[in-house]
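Colleague: I would like a close look at one part of this model, namely the pairing of charged side chains, and I would like to know how far each part of the picture can be trusted.

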Amino acid sequence: MASSLLAGERLVRALGPGGELEPEQLPGKLRAELEAVLGKKHKGGDLSAGPARLVSFRLIRDLHQYLRERGSTLYLHELLEGSEIYLPEVVKPPRNPELVARLEKIKIQLANEEYKRITRNVTCQDSRHGGTLSDLGKQAAFVCTYLGSQYIFTEMTSQVLAALIVASVVGLAELYIMVRVMEGELGEL
């Protein structure tokens, strides 16, 4: 969290000799703190950048309060022109290896559960085949009856109806055979 700012050239010049803050006659304590922070005690007005130019918000608030009490025409936003808020670099704590290993296990477990959820209705049957052999028998019965009924019936609806009846009879016969086979298998148990 920011608690200071990097002073700009305007604030440094305003505090120096002949600067805008000179006629304001700052209290000795406030001036001393500002000069110490801004490094104005150096010879020749050396303006070193870095930690020497970090001004705390408390010190800026004190300066602002003083200027308001004196009714100064000098405004704080003008003095802070070119200054930047100083955000200290956040140091990330090292990660606990046990926690990292536990997180990896949880990630793998969640990935496996997601995979199982996605693939739960996928079967291993080959979908290239059109169907079972019994489906092929029903289709063959339909086609044969349809083509054969062309010689008997002249209307298309009669031909389709005859083909459906024969295909249904073939389907029922296969169902009967399948039930008998299943019944036999159950009897053997």
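How many salt bridges does the structure hold?

Modeller: The structure holds seven salt bridges, and I will take three of them in turn, keeping in mind throughout that this is a predicted model. As general background, side chains of opposite charge can pair when their charged atoms come close.

I begin with the pair formed by R53 and E9, whose closest N and O atoms lie 3.3 Å apart. This salt bridge links distant parts of the chain, since R53 sits in the loop between helix 2 (28–38) and strand 2 (54–56), while E9 belongs to helix 1 (residues 9–15), 44 residues away. The two partners also differ in their surroundings: R53 is buried, with a relative accessible area of 6%, which is under the 20% cut-off for that class, whereas E9, at 37% relative accessibility, counts as partly exposed.

The second pair lies within a single element. D62 and R58 form a salt bridge in which the closest N and O atoms are 3.1 Å apart, and because these residues are four apart in helix 3 (residues 57–70), about one helical turn separates them. Here both partners are partly exposed, D62 at 35% relative accessibility and R58 with a relative accessible area of 44%.

A similar arrangement is found in helix 7 (residues 156–188), where R180 and E183 are three residues apart and therefore separated by about one helical turn. Their closest N and O atoms are 4.0 Å apart, a value that stands at the 4 Å limit used to call a salt bridge. R180 itself is partly exposed, with a relative accessible area of 49%. Turning back from this pair to helix 3, salt bridges that share partners join E33, R58 and D62 into one network.

As for trust, the protein averages a pLDDT of 80, and 82% of the residues score at least 70. Among the elements, confidence is highest in helix 5 (residues 97–119), at a mean of 94, and lowest in helix 6 (residues 133–149), at 76. The stretch to treat with caution is residues 41–50, over which pLDDT stays under 50 and for which the model has nine contacts beyond four places in sequence. Where pLDDT is low, the predicted coordinates should not be read in detail, and I would therefore leave those contacts without a close interpretation.

How values were computed
Residues are numbered from 1 along each chain as its sequence is written. Side-chain values use heavy atoms; hydrogens and water are left out. pLDDT is the predictor's confidence in each residue, from 0 to 100. Helices (H or I, at least four residues) and strands (E, at least two) are DSSP runs, numbered from the N terminus. Contact means heavy atoms within 4.5 Å. A salt bridge is a side-chain nitrogen of Lys or Arg within 4 Å of a carboxyl oxygen of Asp or Glu. Buried means under 20% relative accessible area, exposed over 50%, partly exposed in between (1.4 Å probe, protein chains only).
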